[in-house]
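Please open the model in your viewer and keep the sequence beside it. The tour below goes from one selection to the next and says what is to be found at each stop.

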Amino acid sequence: MNPITMRQAVQADQEQLADLRALVLYDDLTRLGRYDDVKVRERFRNTFNPVQTQIIEVEGSMVGCVALKPKSEAYLLEHFYIHPDYQGQRIGTQILNMLLEQDEVQGKGLF
């Protein structure tokens, strides 16, 4: 398995991540009759905060993202997307474990 790394998102990542969200959600939203190419990206743009977002990389290539937003007693896990080509490889599990090991998360929890 290739090493997985995370880096801090920057504002310039926004459009690539909006496209990733659209790709990841396409099948499910289409099946529900709710896919809208504009709205799916706009909803991401409206809640994207690069300070709270990490880019998931495999061999230096972006394969996903995850955002942790602090709430009063826990962290909200948001925008957790893995590119379909990388799904099923336990990347999400590894990222979740990495997040749970962070000092600021320990003792609080995720929802």
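Why are Asp37 and Arg41 separated by about one helical turn? The two residues are 4 apart in helix 2, and therefore about one turn of that helix lies between them. This is a predicted model, and with that in mind the side chains of Asp37 and Arg41 can be selected together, where they meet in a salt bridge with an N to O distance of 2.5 Å. Asp37 counts as partly exposed because its relative accessibility is 43%, whereas Arg41, with a relative accessible area of 17%, is buried.

Stay on helix 2 (residues 37–47) and select Arg45, which belongs to this helix and is linked to Glu15 in helix 1, 30 residues away in the chain. The link is a salt bridge whose closest N and O atoms are 2.7 Å apart. Both partners are partly exposed, Arg45 at 26% relative accessibility and Glu15 with a relative accessible area of 37%.

Next, follow helix 1 to Tyr26, which has its place in that helix, and add Tyr35 to the selection. The structure holds 2 aromatic pairs; in the pair of Tyr26 and Tyr35 the ring centres are 4.7 Å apart and the planes stand at 75°, so the arrangement is edge-to-face. Tyr26 is partly exposed, with a relative accessible area of 40%, and Tyr35 is likewise partly exposed, at 24%.

Now show the sheet. It is an open sheet of 4 strands in the order 1-2-3-4, with antiparallel pairing, and its edge strands, each pairing on one side only, are strand 1 (4–8) and strand 4. Neighbouring strands are turned against each other by 25° on average, direction ignored. Helix 1 (residues 14–31) packs on this sheet and touches strand 2, strand 3 and strand 4, its direction making about 95° with that of strand 3. Between strand 3 and strand 4 the antiparallel pairing runs over 6 bridges, and a place to look is Ala67, which stands opposite Glu78 in strand 4.

For the other edge of the sheet, select Arg7 and Glu57, which form a salt bridge with the closest N and O atoms 2.9 Å apart. This pair joins distant parts of the chain, since Arg7 is in strand 1 and Glu57 is in strand 2, 50 residues apart. Arg7 is partly exposed at 28% relative accessibility, while Glu57 is buried, with a relative accessible area of 13%. Adding Asp13 to the selection completes a network of salt bridges that links Arg7, Asp13 and Glu57; a search of the whole structure finds 8 salt bridges.

Turn next to the nonpolar side chains. The largest nonpolar core has 12 residues, including Ile4, Ile56, Val66, Tyr75, Ile95 and Val105. Strand 2, strand 3, strand 4 and helix 3 are the elements that give two or more residues to this core. Apart from it lies another core, of 10 residues, among them Leu20, Val24, Phe44 and Tyr81.

The last stops are in loops. Glu59, in the loop between strand 2 (53–58) and strand 3 (61–70), has a phi near 50°, a positive value in a residue other than glycine, and at 60% relative accessibility Glu59 counts as exposed. Arg90, in the loop between strand 4 (75–82) and helix 3 (91–100), also has a positive phi, near 70°, and counts as exposed at 56% relative accessibility.

How values were computed
Residues numbered from 1 in each chain as written. Predicted model: local features only at pLDDT ≥ 70, side-chain atom pairs only at ≥ 80, totals over all residues. Heavy atoms only, no water. Buried < 20%, exposed > 50% of the residue type's maximum accessible area, 1.4 Å probe, protein only. Core = buried A, V, L, I, M, F, W, Y, C linked by side-chain atoms within 4.5 Å. Pairing = 2+ DSSP bridges. Axes fitted to C-alpha atoms, helices over the stretch in contact; angles between N-to-C directions. Contact = heavy atoms within 4.5 Å. Phe/Tyr/Trp six-rings, centres within 6.5 Å; stacked < 30°, edge-to-face > 60°. Salt bridge = Lys/Arg side-chain N within 4 Å of Asp/Glu carboxyl O.
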